[in-house]
Amino acid sequence: MSKGFLRTDYTDIEDYCQIHITFEDGTDRQPKSGMLVASDTVAALYAAYVSAERRGAEVDVPIGLTLE
Amino acid sequence: MQKPIWVGIVGCGNAAVFHYASFLRVTGIPVEVVGVTSLQKARHEEFAVRRGIRTIDTLADLLSEVEVVDNCTPGYAHEPVSIAALDAGKHVIVEKPFTGYYGPPGAEAFEGNRFPKQTMLTRALSISGRVIAAAPSALAPTRSRAPRPS
């Protein structure tokens, strides 16, 4: 399987572009792959490392940033 | 006619290749990749020539010409490049993963597999927070559902 098939760059970038052109119209929609999802993904990745270091122990995944 | 979204790419590795191809596929919305900049001068020259776009010498020069910065740098550079772009009032796209912990500055011998993972988690999330906090003040982040790890 091509590695490229697994990437979602195109859908993410097109979603961003659609938001960009409506930004000046006052839309409040965030990109589907916005910064909060991105931050939560980092939290999940590194929490998995923590769990692995503890031989698979359950660990908290500190997600939940919100925007004021 | 709608004006194009002017994009500048920072970095010229695989992520830049995929992102550039993705911008070309966007339909119904005019998008123009203005140019590319990178610390890898020889590689970014080749990247630009193959795609018929401009090489731009520095990030500062690129920031003066674009609306959107596509941050395709290695993970350790996501924070400084993104914050510089946000401080300049630009929109930013960041290659995944958004951030991470890659050791102290200049620590070329850093080995993540030998470093305490809880510390890496805490520091990676601190970096995420700093990048998000650099976004416009109306989007200031708060953590509401779960506390950060101690």
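This is a short tour of a predicted model, going from the interface of chain B and chain A to two pockets.

**Stop 1: the interface**

Colour the two chains separately, then select the residues of chain B in contact with chain A. The selection should hold 46 residues of chain B, facing 35 residues of chain A. Putting the chains together buries about 3600 Å², and carbon and sulfur atoms give 66% of that area.

**Stop 2: polar links across the interface**

Next, select B:Lys117 and A:Glu53 and show their side chains. These two residues form a salt bridge, with 3.9 Å between the closest N and O atoms. The cut-off is 4 Å, so this pair falls within the rule. The rule finds one salt bridge across the interface of chain B and chain A. Residue pairs in polar contact between the chains, both at pLDDT 80 or more, number six.

Now show chain B by secondary structure. On its side that touches chain A, the elements giving two or more residues are α1 (14–25), β5 (91–94), α5 (117–133) and β6 (141–143). Which of these elements gives the most to that side? It is α5(B), with eight residues. Coloured by class, the side of chain B that touches chain A shows 27 nonpolar, eleven polar and eight charged residues.

**Stop 3: the largest pocket**

Select A:Pro31, A:Ser33, A:Gly34, A:Met35 and B:Val92, and centre the view on them. Among the 40 residues that line the largest pocket, these five lie nearest its centre. The pocket has a volume of about 1200 Å³.

Extend the selection to the helices and strands that supply the lining. In chain A, α2 (9–23) and α3 (35–53) each supply at least two residues. In chain B, α4 (78–87), β5 and α5 each do likewise. The element that gives the most to this lining is α2(A), with eight residues. Two of the chain B elements, β5 and α5, were already selected at the interface with chain A, and they return here in the lining of the largest pocket. By class, the lining consists of 20 nonpolar, eleven polar and nine charged residues.

**Stop 4: the second largest pocket**

Finally, move to the second largest pocket, whose volume is about 440 Å³. To find its centre, select B:Ser38, B:Leu39, B:Gln40, B:Thr73 and B:Pro74, the closest to it of the 19 lining residues. What does the lining of this pocket hold by class? It has nine nonpolar, seven polar and three charged residues.

Conventions: Residues numbered from 1 in each chain as written. Chains lettered and ligands numbered in written order. Predicted model: local features only at pLDDT ≥ 70, side-chain atom pairs only at ≥ 80, totals over all residues. Heavy atoms only, no water. Contact = heavy atoms within 4.5 Å. Buried area = accessible area lost by both parts, 1.4 Å probe. Polar contact = N/O pair within 3.5 Å; in protein donor to acceptor, adjacent residues only side chain to side chain. Helix = DSSP H or I, 4+ residues; strand = E, 2+ residues; numbered from the N terminus. Nonpolar A, V, L, I, M, F, W, Y, C, P; charged D, E, K, R; others polar. 1 Å grid on protein atoms, 1.4 Å probe; cavity = no way out; pocket = protein on both sides within 12 Å on 5 of 7 lines; lining within 4 Å. Points joined across faces, edges and corners; volume = space filled by probe spheres on them.
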